[in-house]
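Good morning, and thank you for making the time. I would like to take you through one structure today, beginning with its charged pairs, then its ligand, and closing with three individual residues.

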Amino acid sequence: MSENEKKPVDAVVIGAGFSGLLSLHKLRNELGLDAVALEKGDGIGGTWFWNRYPGALSDSESFVYCYSFDDELLQDWDLSTRYLAQPEVLAYLRSFAERKGLVEHVELNATVVRVHFDDATALWSVETEDGRSYTARYVVGALGPLSAANIPTIPGIEKFRGEVYHTSNWPAEYDLRGKRVGVIGTGSTGVQVITALAGEVGELTVFQRTPQYSVPLGNRELSDEYVREVKANYGKIWEDVYSSSVGMGFDESTVPAMSVSAEERREVFEKAWQHGGGFYFMFGTFGDIGVDPEANEAAASFIRGKIAEIVEDPETARKLTPTDLYARRPLCDSGYYATFNRPNVHLVDVRDTPIVDAAARGLRTSDGALHELDVLIYATGFDAVEGSYNRIDVRGRGGHALVDHWRDMPRGYLGVAVAGFPNLFTVFGPNSSFSNNPPVLSIQAEWIAEAIRHAAKEEAVLEPTVEAEESWTTLCNEISDGTLFPEVESWIFGNNIEGKSTRSRFYLGGLGAYRDILANEAAQGYQGFVAGRS
Ligand code: NAP
């Protein structure tokens, strides 16, 4: 396609999920820019469009799983349960897009394959797989931190005659009733899909590699009185959320676990278990579960005790019981461990007996057993954060590829910009705050819009300096090294993908501190940026 055939716009937003829609709203409706969002799916919603597997639900409480900036939207919102299931989040995002007049500015089925910077014109050229092409001064990557599916290689999988799904590409129509279903993976997704499917399918075989600590979700209907109170107090709620660490809308504990008696600790954990919520259990009970090994072990051993109480068969209980630190993204569930008491649910520990290959009728493990399946579900997670970008050919100044920039470790300044990639901004770029997603992406989308307003006014290109990016990356690594989280393998540190660097992908210093740092950067006139003329 020649340059003349490229459609000139002010800004391209890549993605139309939670982050992309807010970014599009900010750029179009608040800055008055000619902005378009390019969305790979054939509907808007991002994560909530793709991850429509049975049991999919946000485990952030509903009153804080939304945009905070628009009071009218908050007041109109029909809050009915403590947590929102996938169809409800998707409906919320669709209604947001309609109310803000965004729908006609989202191009669907638009998979972006190339994003190239032209040094001479300081314009980005953005191309989709099907040949749509734009030039834009600004690009906002809103690809989601968890959007590139991780699909394990199983020798002979092409021979398998059953249906195969990854949870993040769930079919619009399916019928699993009475079928023999296998699920690989027991992370947040696996725990949800396994619990939801157990009563629906014929036989369910769970292929578990690493057992998980999970606590009850505690979902429930919300009373009218509770909802009225939330809506009347949103000002204070958001103030608290935006100055907290994980941004989940509960009081985070600062009490060291070992400062109280063993009896008191048990009571606190028991109360939290009854209350429900994974982040609440980890951050609302005591303040040092993520940093002090003794505190961590206290929480872990409480959950192990619960597993022993819930799971009837001792051998199944043993396999389901984690022995490592309680230091992954905290999970919660609607009866996960009890699911394994059902006669139709079978647990295969693939650490003991790895999957060796696939046959026409199922998966074979190293003990020679053939696990017969009609359907295989991969709940195997994502090539997180930079994985979302690395599927696109992104080239910045001097034709430098983003994938090369991130080869030894993912780097990004404040999670929102990358050195060598002028006027390209990222929502959930490397080293964004690890907190409840809507507040994080709201801080970022807001900040990016203001940065673009500033750049447009000054006719400047905004690009972080190498030094600023390096020092942010170093800070994020130092903070995470001061916690227990890197000691356990997970997608947060890239351990789930072979060959990926295993450094921090998040700022673990807390949402409040993160917001202040971003605000300070803008207030100081973007000192971490080179502001060349456009
Ligand atoms: P995940 O946490 O990375 O879990 C993937 C699972 O697949 C793990 O159990 C992993 O085992 C297993 N696995 C991967 N490759 C495997 C292989 N080759 N053989 C056997 N097992 C394999 O991914 P996820 O569950 O999709 O969750 C990712 C993130 O999405 C969550 O941490 C969360 O932030 C978000 N999420 C949130 C919710 C919510 O409630 N709001 C729901 C779903 C997802 P290992 O542990 O041994 O690697």
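A salt bridge, for our purposes, is a side-chain nitrogen of Lys or Arg that lies within 4 Å of a carboxyl oxygen of Asp or Glu. By this rule there are 33 salt bridges. Please bear in mind throughout that the model is a predicted one.

Let me begin with Arg132 and Glu107. Their salt bridge brings the closest N and O atoms to 2.8 Å from each other. Arg132 sits in the loop between β7 (123-128) and β8 (133-141), while Glu107 belongs to strand β5 (residues 106-107), so this pair ties together parts that are 25 residues apart in sequence. As to exposure, Arg132 is partly exposed, at a relative accessible area of 23%. Glu107 is likewise classed as partly exposed, with 21% relative accessibility.

The second pair is Arg395 with Asp393, whose side chains form a salt bridge of 2.7 Å from N to O. Arg395 has 32% relative accessibility and counts as partly exposed. For Asp393 the value is 24%, which again counts as partly exposed.

The third pair is Arg397 with Glu463, and here the N to O distance of the salt bridge is 2.6 Å. Since Arg397 lies in the loop between β19 (393-395) and α14 (402-405) and Glu463 in strand β22 (residues 460-464), the pair ties together parts that are 66 residues apart in sequence. Is each partner of this pair buried or partly exposed? Arg397 is partly exposed, with a relative accessible area of 35%. Glu463, at 8% relative accessibility, is buried.

Salt bridges can also join into a network. Arg180, Arg361, Glu372 and Asp374 are linked in this way.

I turn now to the ligand. Which residues come nearest to it? Of the 24 residues around the ligand, these are Thr186, Thr189, Arg209, Thr210 and Trp491. By class, the shell consists of 8 nonpolar, 11 polar and 5 charged residues. Both β3 (57-58) and α5 (188-197) supply at least two residues of this shell. The largest share comes from α5, with 3 residues.

Several polar atoms of the protein approach the ligand. Asp59 places a polar side-chain atom 3.3 Å from a ligand nitrogen atom. Gly187 contributes through its backbone, where an N or O atom lies 3.5 Å from an oxygen atom of the ligand. In Gln192, a polar side-chain atom is 3.2 Å from an oxygen atom of the ligand. How much of the ligand's accessible area does the protein cover? On its own the ligand has 910 Å² of accessible area, and the protein covers 84% of that.

Finally, three residues that deserve a look in their own right. The first on my list is Asn423, found in the loop between α14 and β20 (424-426). Asn423 is buried, its relative accessible area being 0%. Leaving aside residues up to four places away in sequence, Asn423 touches Trp124, Arg137, Tyr138, Val139, Ala455, Ala460, Val461 and Leu462. There is also a link back to the third salt bridge: Asn423 and Glu463 are 40 residues apart in sequence, yet their C-alpha atoms are 6.2 Å apart in space.

Next is Gln208, in strand β11 (residues 203-208). Gln208 counts as buried, with 1% relative accessibility. Beyond residues up to four places away in sequence, its contacts include Thr186, Lys319, Leu320 and Tyr336. Also among them is a run from Leu347 through Val348, Asp349 and Val350 to Arg351. Thr186, as I said, is one of the residues that come nearest to the ligand.

My last residue is Ser214, which belongs to strand β12 (residues 214-216). Is Ser214 buried or exposed? At 0% relative accessibility, Ser214 is buried, because the limit for that class is under 20%. The side chain of Ser214 makes a polar contact of 2.5 Å with the side chain of Asp333. With residues up to four places away in sequence not counted, Ser214 touches Val191, Trp273, Ile303, Leu331, Cys332, Asp333 and Tyr337.

To close, I would draw your attention once more to two points for discussion. One is the pairing of partly exposed Arg397 with buried Glu463. The other is the ligand, with 84% of its accessible area covered by the protein. Thank you; I am happy to take questions.

Technical notes
Residues numbered from 1 in each chain as written. Predicted model: local features only at pLDDT ≥ 70, side-chain atom pairs only at ≥ 80, totals over all residues. Heavy atoms only, no water. Helix = DSSP H or I, 4+ residues; strand = E, 2+ residues; numbered from the N terminus. Buried < 20%, exposed > 50% of the residue type's maximum accessible area, 1.4 Å probe, protein only. Near = heavy atom within 4 Å. Polar contact = N/O pair within 3.5 Å; in protein donor to acceptor, adjacent residues only side chain to side chain. Areas by Shrake-Rupley, 256 points an atom, 1.4 Å probe, with all protein chains shown as cover. Nonpolar A, V, L, I, M, F, W, Y, C, P; charged D, E, K, R; others polar. Contact = heavy atoms within 4.5 Å.
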